[in-house]
Amino acid sequence: MSEQIQEIKGWLYEAGEKIKASFREELKVDQKSNRTDLVTNMDRDIQKFLIENIQSTYPKARILAEESGYNTLDTMEGTVFVIDPIDGTLNFVLEKENFCIMLAVYEEGQSKLGFIYNVMQEELYWGGREFGVYCNEKKLTKPENKLLSEGLIGMNAHMYLHNQYEAQKIGEVSMGVRMSGCAGIELIAILKGTRIGYLSNLSPWDYAAGCAMLDAFDFPYSGLTGKPLHFNGREHFVAGTPKMVEEVSKILQFP
Ligand code: IPD
Ligand code: CA
Ligand code: CA
Ligand code: CA
């Protein structure tokens, strides 16, 4: 297994230990754009820890990361590391579980590796088109290509409540709607085959790692007009089994 994979796994395990240790201390929570958009000292510390490791090992790589100073990039040329230091910050603050650390490596705009670490479950999902997808040491088998009507669908709660992009109709065709509040957990569920898809409104650090692993299974993802994801700001998002994404594209009438 490549040295890079071992190295990144090591950073993520260490980051996970820092998060667990932080439960013994008081968390510092700040609001960003509104009362439900939070950032904590741990989001900032984990991002800083990962960026320091990346910069000392890969000084030429570009970095795209959620928290301050790193959240835009002019180009995906060269090697790009995409980081979400804590995905599901609200869950982290209120539940102390159901959050992940996410990291992806892209080369010349193509996915190479994705890592989603569910810290409290101690499950590290990782992989890419050259490697397949693993949960810790166990290789996952490619999920069945199920129809929308044959499985559970993950959704962004705001989209479902406000019925954006026919979210309620899509939910009704499925066997049931689930909302975890954590993009990483939703994307893992598609990789495991426990959900047939995910509809959301995401930033690049929310989808980069999951999409790198979906590429290993040739499972599709795109914006909700059918255009490829642009890695430049927030956009509506669908991913899932090929059959599910095709059905969603028909409902939304995109090519
Ligand atoms: C958020 C979560 C949430 C999704 C939001 C994301 P954050 O990430 O993944 O499930 O609905 O769009 O921004 O801010 O907790 O890293
Ligand atoms: Ca956030
Ligand atoms: Ca996120
Ligand atoms: Ca985050």
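**Notebook: two domains, one ligand shell**

I started with the domains: the centres of domain 1 and domain 2, taken over C-alpha atoms, are 20 Å apart. Domain 1 spans 3-139 and domain 2 spans 148-251; the bounds come from an automatic or database domain assignment. I am working on a predicted model, where local features need pLDDT of at least 70, side-chain atom pairs count only at pLDDT 80 or more, and totals for chains, interfaces and linings use all residues. Residues are numbered from 1 along each chain as its sequence is written, while chains are lettered from A and ligands numbered from 1 in the order in which they are written.

**Domain contact**

I looked up the contact between the domains next. It takes 32 residues from domain 1 and 23 residues from domain 2. I count two residues as in contact if their C-beta atoms, placed from the backbone, lie within 7 Å. On the domain 1 side, β6 (110-118) gives the most, with 7 residues. Helices (H or I, at least four residues) and strands (E, at least two) are DSSP runs, numbered from the N terminus. By class, that side has 18 nonpolar, 9 polar and 5 charged residues. Here Ala, Val, Leu, Ile, Met, Phe, Trp, Tyr, Cys and Pro are nonpolar, Asp, Glu, Lys and Arg are charged, and the others, Gly among them, are polar.

**Ligand 1**

Which residues come nearest to ligand 1? Of the 13 around it, they are Asp87, Thr89, Asn156, Gly181 and Ala183. Near means a C-beta atom, placed from the backbone, within 6 Å of the molecule. I split the shell into 3 nonpolar, 6 polar and 4 charged residues. Strand β12 supplies the largest share, 3 residues. Domain 1 and domain 2 each give the shell at least three residues.

**Helix α6**

Ala183 also belongs to α6, where it is buried. I call a residue buried with 20 or more other C-beta atoms within 10 Å of its own, exposed with 12 or fewer, and partly exposed in between; C-beta atoms are placed from the backbone. Helix α6 covers residues 183-192, and 9 of its 10 residues are buried. Just after α6, Gly193 has a positive phi of about 85°.

**Nonpolar core**

I then searched for nonpolar cores, sets of buried Ala, Val, Leu, Ile, Met, Phe, Trp, Tyr and Cys residues joined through C-beta atoms within 7 Å. The largest has 72 residues, and Ile101, Leu103, Ala104 and Phe115 have the most contacts inside it. Helix α7 (204-216) gives the most to this core, with 9 residues. Both domains contribute at least three residues each. Setting aside neighbours within four places in sequence, Ile101 contacts Leu12, Ala15, Gly16, Ile46, Pro85, Ile86, Tyr117 and Val119.

**UniProt positions**

For "binding site", an unreviewed UniProt entry lists Glu66, Asp84, Ile86, Asp87 and Asp206. They are spread over 141 residues of sequence, yet the largest C-alpha distance is 9.8 Å. Such annotations may be inferred rather than shown by experiment.

I checked two of these positions. Glu66 sits in the loop between β3 and β4. Glu66 counts as buried because it has 22 C-beta neighbours inside 10 Å. Beyond four places in sequence, Glu66 touches Asn71, Asp84, Pro85, Ser203 and Trp205.

Ile86 lies in strand β4. Why does Ile86 count as buried? It has 29 C-beta neighbours inside 10 Å. Leaving out neighbours within four places in sequence, Ile86 contacts Met42, Asp43, Ile46, Phe92, Phe99 and Ile101.
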